[in-house]
Amino acid sequence: MKNVDIGTVNVSNTAPLTVIAGPCQLESLDHARRIAGRMAEICATVGAQFIFKGSYDKANRTSLKGKRGLGMDEGLRILSKMREEFGCPVLTDVHAPEQCTPVAEAVDVLQIPAFLCRQTDLLLAAGETGAAINIKKGQFLAPWDMANVAEKVASTGNKRMLLTERGVSFGYNALVADMRSLPEMAKTGYPVIMDATHAVAQPGGLGGSSGGQREFAPVLARAAVAVGVAGVFLETHEDPDNAPSDGPNMIRLEDMAGVLDVLMALDKVAKAAPVVI
């Protein structure tokens, strides 16, 4: 099993759970500070490792009317501030090869969106930065297909990868999460992350935007941690119903302490008796 060191965080399928958490979309410096500060506090209390996430551009909104975000310059400024103030690694999405180098100068982890996970030029550009790369598994891929995706990044000499499950297309406006995909992707040796919030999204389910069932996000997170994963990806917001994107599937910030307390207890059990396939 590979270990990926990201700042002070060691992400591994055998290490204590890493929590990647933050708002779907960056809204302001104060808003990011509020969420990052609270999440850092919760993770320190329960013994979880913490990476703050936030997107400066939501380039795959359902509708042209959807709010895309603050833009690269302001978004990267905020992310750099979070790393400086809270001492945690930070993660954000990239959508085009030319974004990779400037973004890697400001953040610790480049995230490849699920829709773009087979875009060779993007994967190679991300890998060449030397930054850690979190690759979301496409909703259209089988878990074993991620070996080919990882090979593209590894061809650059960069093996600092995380592979993230976020559900697979099941039918109109619906996803399903297959827990078998977690040990399947772990066969690559790379750390596996469960994105429990996007896995309960309902793409395009509200017509002009995506719906979701946030009440099931902690359920999927529990199941994944019980299987044994390196980390969980959990988007959170103090008022999800009024968030600019992905509100229906984000966990309320006030609920995160209870969710993570349970996840850490399950993580200890799972890591003491790992699944071997």
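## Close-ups of a predicted model

**View 1. Leucine 91 sits opposite valine 109, which belongs to strand 6.** Everything in these views comes from a predicted model. Leucine 91 has a partner on another strand too: in strand 5, leucine 91 is the bridge partner of lysine 53. Now zoom out to whole strands. Strand 4 (residues 49-53) and strand 5 run parallel and are joined by two bridges. Strand 5 also runs parallel to strand 6 (residues 109-112), this time with three bridges. Which way do the residues of strand 5 (residues 90-93) point? Val90 and Thr92 go one way, Leu91 and Asp93 go the other, and all of them are buried.

**View 2. Here are the nonpolar cores, starting with the largest, which has 70 residues.** Look for Met39, Phe52 and Ile135, the members that touch the most others in this core. Which helix gives the most to it? That's helix 1 (residues 29-46), with eight residues. There's a second core as well, separate and made of 13 residues, including Val9 and Phe233. Val109, the residue opposite leucine 91, is another member of that second core.

**View 3. Asparagine 134 is part of strand 7 (residues 132-136).** Is asparagine 134 buried or exposed? Its relative accessible area is 0%, so asparagine 134 counts as buried. Its side chain still has a polar partner: a polar contact of 2.6 Å links it to the side chain of threonine 164. Setting aside neighbours within four places in sequence, asparagine 134 is in contact with Leu91, Val109, Leu110, Gln111, Ile112, Leu162, Leu163, Thr164 and Ile193. You've already met two of those names, Leu91 and Val109, in View 1.

**View 4. Aspartate 108 lies in the loop between helix 3 (100-104) and strand 6.** With a relative accessible area of 18%, aspartate 108 is buried, because the cut-off for buried is under 20%. Which side chain does the aspartate 108 side chain meet in a polar contact of 3.1 Å? It's the side chain of arginine 83. Beyond its neighbours within four places in sequence, aspartate 108 is in contact with several residues, among them Ile6, Cys88, Pro89 and Val90. Ala131 and Ala132 are on that contact list too.

**View 5. Cysteine 88 and cysteine 100 are the residues to find here, and neither is in a disulfide.** How many disulfides does the model have? The count is zero. For cysteine 88, the nearest cysteine sulfur is that of cysteine 43, 9.2 Å away. A disulfide needs the two sulfur atoms to be within 2.5 Å, so that pair doesn't qualify. For cysteine 100, the nearest cysteine sulfur belongs to cysteine 117 and is 15 Å away. Cysteine 88 is buried, with a relative accessible area of 5%, and cysteine 100 is buried as well, at 0% relative accessibility.

**View 6. Asparagine 173 and aspartate 246 both have a positive phi.** Most residues other than glycine have a negative phi. Asparagine 173 has a phi near 55 degrees and sits in the loop between strand 9 (168-171) and strand 10 (174-176). Aspartate 246 has a phi near 60 degrees, and its loop is the one between strand 14 (231-237) and strand 15 (251-252). How do the two score for accessibility? Asparagine 173 is partly exposed, at 41% relative accessibility, whereas aspartate 246 counts as buried, at 18%.

Conventions
Residues numbered from 1 in each chain as written. Predicted model: local features only at pLDDT ≥ 70, side-chain atom pairs only at ≥ 80, totals over all residues. Heavy atoms only, no water. Core = buried A, V, L, I, M, F, W, Y, C linked by side-chain atoms within 4.5 Å. Buried < 20%, exposed > 50% of the residue type's maximum accessible area, 1.4 Å probe, protein only. Helix = DSSP H or I, 4+ residues; strand = E, 2+ residues; numbered from the N terminus. Pairing = 2+ DSSP bridges. Polar contact = N/O pair within 3.5 Å; in protein donor to acceptor, adjacent residues only side chain to side chain. Contact = heavy atoms within 4.5 Å.
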